[in-house]
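Q: Hi! I'm new to this one, so could you walk me through it? Here it comes.

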Amino acid sequence: MNSFVDQVYFLARRSVVRTARQPANVISPLVFPLFLLAVNSGGLKAETHLPGFPTSSFVAFALAVPFIQGALFSTMNAGTDLARDIQTGFLNRLSLTPMRRIAVLAGQLGGVVTMGLVQVLVYLAVGLIIGVRIASGPAGVLVLIVFGVFVCLGFGALGAFAALRTGSGEAVQSLFPAFFVFLFISSMNIPRNLMEITWFRDVATANPVSYLLECVRSLIIKGWDLEALALGFGITAVITAASLTLASWALKVRMAG
Amino acid sequence: MKTLAVARGVSWRMLHNVFTNPSLLIPSIVFPLFFFTAFAGGLSRVHDVPGFNFPQGYTAFQYVFVVLQSAAFGGVFTGFGIARDFESGFARRLLLTAPHRSGIVLGYGLSALVRWLVTLTVLTTVAFAVGMQVGGSGVELFGLYALGLILNIAALLWACGVAMRFRTLQAGPVMQLPVFLVLFFAPVYVPLSLLQGWIHGVAVVNPLTRVIEAGRGFVAADPTEVAAAFFAALALAGGFFLWAIRGLRKAETAG
């Protein structure tokens, strides 16, 4: 058991150090979502005057977006790093060692979770600095952190699966626009009940990203909304379980080859 | 004549590459459609915000932004092609063989323009298909497209200058990010008068604000700030023309 923990620790440490040594991989997931937050909360502030808008602060409403957007970056980082390990032959060399297969995945995802935690803390700190008050209080902040990291884990595993199946960093990167479509066609900028175009509201309702956003948003602007929390955590659990299963299978195929 | 021959050859090659390669063609058409859908579809209730007065509706309001955005990104995407030509060594061979090298920049400009016109055609067809209302006359719409054309050329010249200085695709973010920033620091979702706080201050001094507001004025049959918009767009194109030509000279010097 200790040996397994050591394996995971060293691979997770390697993953974090490697990410930290590439400023673009650290700065992009931190700065880009915050930039979008700044632009949207400035440009869409007038939306708070719509009847039925759930808060008078658009920043509080939009603060949920960086959490999910940052998780999308985790997909890219995890997938691209793993793809590089495949392309450089590092994974093949690992397969010759007694290392357990699952430790490779756990180590890689350990790095993603660490980076996810940093991202979530930065987004929260920025939100608090610019005057957002978390309606669910200190306990809600803890749930937000746990949820943010959980979403990073789920999306990170999805990135790992893509990397293990394709073995190509470019292929993993090409997923990014697809994820952006999911983000934009969701309740990212307006609550679903205020969407006027029926087909758009239907697509946003069917889009799981809407529920991830609404879970974060409920803790920030409403307090304790058990339905939003159950949907958010439930969907994340399904995404994580499916992604981990697929990634484990892809790793098995890859290391057997 | 030699300049035109070079321009024709460069633009034909560039267009052939784009239109025979789905991975280059599809994003430049799909992304504007996607932004149009996300903004016009998802945010249509914004026209109910007190003080929002655009009689043609939110679809037309966002159509103008997406037209201008697609024009700018059409230029930037062509810049990626220039950088790719330098990476592959093709651009260096081109510099050796072209009798008039300014024709190279002209050729890239022509290909950016054709590329944008294709995107514009698809976008406009979709916009009318979903019921976009236009108040402006044909001449006024032409004003919007003329602004788009100038913006397309300005963005291409900006990206061309970057590509010729760095001569690598790794300079992609340098081409793309400033254009993205300038576009989104303009009144994207609501008119300038409804912006509040710091973004209002930034939007007021952003030259693209004039271009976007004038474009919306054309669609609403209420032309506003037309001279300021054309002046801003032409000034950008003129400045970036010098930037691109100096980039060309740097590329020549680098060999």
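Q: What does chain A average in pLDDT?
A: Chain A averages a pLDDT of 88 (the predictor's confidence in each residue, from 0 to 100), and 98% of its residues score at least 70. This is a predicted model, where local features need pLDDT of at least 70, side-chain atom pairs count only at pLDDT 80 or more, and totals for chains, interfaces and linings use all residues. Residues are numbered from 1 along each chain as its sequence is written, while chains are lettered from A and ligands numbered from 1 in the order in which they are written.

Q: Which elements of chain A have the lowest and the highest mean pLDDT?
A: Helix α8 of chain A (residues 169-173) has the lowest, at 73, and helix α11 of chain A (residues 208-222) has the highest, at 96.

Q: Okay, over to chain B. How many helices and strands are there?
A: Chain B has ten helices and zero strands. Both are DSSP runs numbered from the N terminus: helices are H or I with at least four residues, strands are E with at least two.

Q: How does the radius of gyration of chain B fit the globule rule?
A: The radius of gyration of chain B is 19 Å, close to the 18 Å from the globule rule for 255 residues, so chain B is as compact as a globular protein of that length. The radius is taken over C-alpha atoms, and the rule is 2.2 Å times the number of residues to the power 0.38.

Q: And what does its C-alpha trace span?
A: About 60 × 35 × 35 Å along the principal axes of chain B.

Q: How many residues make up the contact between the chains?
A: Chain B gives 21 residues and chain A gives 19; two residues are in contact if their C-beta atoms, placed from the backbone, lie within 7 Å.

Q: Which helix supplies the largest share on the chain B side?
A: That is α2(B), with four residues.

Q: Let's zoom in on α9(B). Is it mostly buried or exposed?
A: Twelve of the 13 residues of α9(B) are buried, so this helix is largely enclosed by the rest of the structure. Buried means that 20 or more other C-beta atoms, placed from the backbone, lie within 10 Å of a residue's own. Among the buried ones are B:Leu208, B:Arg210, B:Glu213 and B:Phe218.

Q: What covers them?
A: The cover includes α3, α6, α7, α8 and α10 of chain B.

Q: What happens just after α9(B)?
A: There, B:Ala221 takes a positive phi of about 60°.
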